[in-house]
Amino acid sequence: MPYINIHTHYRDKEEDILQILNPDIRDKSEIEKIIDKKNIYLSLGIHPWYIEEGKIISQVKLIESLAENNKVLMIGESGIDHLCSVDINLQKKVFEKMIEISEEFKKPLIIHNVRSNEEIIAFHKNMNPFQPWIIHGFRGNETLMNQLIDNGLYISYGPIYNSYALKATPLNRMFLENDESSTNIKEVYKSISKDLDIKEVDLKDQIKINLENIIPSITI
Ligand SMILES: [Zn+2]
């Protein structure tokens with residue numbers, strides 16, 4: 001059974017890793033290069049850091065033209081980042097568009113959330129999406145984690161996290177990732193299974209079930 005890496009920006013060549021690679025949407029050639037590779041899937045979205053107002057329309061068209069492909073498992077990462085210099089209303093506008101694409105193409109949404117818990121939850125309440133939403137790279141505390149879980153969201157943990165939040169997270173709402181870290185995903189599984197005091201094989205099994213729950217069409 002493969003290790004599942006729900007969100008990464010760097011392609012890992014090890015075959016026992018099922019990875020959802022998030023390429024830079026500004027580089028179309030990179031996306032085309034990846035699309036027929038085995039065990040590598042994609043998430044496509046406009047990252048809040050890289051929003052350029054004049055390019056949004058063409059990037060949205062690109063995402064829509066690729067989103068139907070079976071290799072595209074998720075939309076995103078997209079979201080709201082209060083520490084980045086891009087205008088917050090523009091970030092929200094782009095995020096809303098990504099939510100619409102996620103719903104239209106029936107692909108879960110992977111979310112970048114920096115100090116934006118309340119706004120993201122408000123979007124979730126207002127738009128009432130059918131598709132699952134996953135907050136990636138979660139480093140917040142138990143209270144913030146509970147707000148997200150109570151509103152039906154999923155949480156993905158990487159190499160750096162709040163141990164209290166992790167331990168309180170329902171196992172059936174959890175994913176693992178290495179994002180842009182050089183830490184191998186296998187190391188993430190090792191340290192998190194240790195922290196949770198469960199066997200690594202059981203953690204792998206649970207994450208596989210979780211992915212199958214949110215993406216029933218996938219064969220792992
Ligand atoms: Zn990322």
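The paragraphs below go through a predicted model, starting with its sheet and ending with a pair of helices.

The sheet is open and has eight strands, which follow the order β1-β2-β3-β4-β5-β6-β7-β8 and pair in parallel. At its edges stand β1, residues 3-8, and β8, residues 174-176. Each of these has a single partner strand, so one side of β1 and one side of β8 are left without a neighbour in the sheet. From one strand to the next, the twist averages 30 degrees.

Strand β3 can be followed through its pairings on either hand. With β2 (residues 17-21), strand β3 (residues 40-44) pairs in the parallel sense, over three bridges. In this pairing, Leu21 stands opposite Leu42 of β3. Strand β4, residues 72-81, is also joined to β3 by three bridges, and these two strands run parallel. Here Ser43 has Met74 of β4 as its bridge partner. As a general point, side chains in a regular strand alternate between the two faces of the sheet.

How enclosed is β3 by the rest of the structure? Of its five residues, four are buried, so β3 is largely enclosed. The route by which the chain reaches β3 from β2 passes through helix α1 (residues 28-34), and this β-α-β crossover is right-handed.

Away from these strands, helix α3 spans residues 88-104 and includes Lys92. Lys92 has 17 other C-beta atoms within 10 Å. A residue counts as buried at 20 or more such atoms and as exposed at 12 or fewer, so Lys92 is classed as partly exposed. Lys92 can also be related to a residue further along the chain: Phe123 is 31 residues away in sequence, while the C-alpha to C-alpha distance between the two is 9.2 Å.

The last part concerns helices α7 (residues 185-196) and α8 (residues 200-214), whose axes come within 9 Å. The axes cross at roughly 105 degrees. Angles of 65 to 115 degrees count as roughly perpendicular, and α7 and α8 are therefore roughly perpendicular to each other. Which residues of α7 meet α8? On the α7 side they are Tyr189, Lys190, Ile192, Ser193 and Leu196, and on the α8 side the residues they meet are Glu200, Leu203 and Lys204. Sorted by class, this contact has four nonpolar residues, three charged ones and one polar one.

How values were computed:
Residues numbered from 1 in each chain as written. Predicted model: local features only at pLDDT ≥ 70, side-chain atom pairs only at ≥ 80, totals over all residues. Axes fitted to C-alpha atoms, helices over the stretch in contact; angles between N-to-C directions. Parallel < 35°, antiparallel > 145°, perpendicular 65-115°, else oblique. Contact = placed C-beta atoms within 7 Å. Nonpolar A, V, L, I, M, F, W, Y, C, P; charged D, E, K, R; others polar. Pairing = 2+ DSSP bridges. Right-handed = clockwise from strand over helix to strand, strands pointing away.
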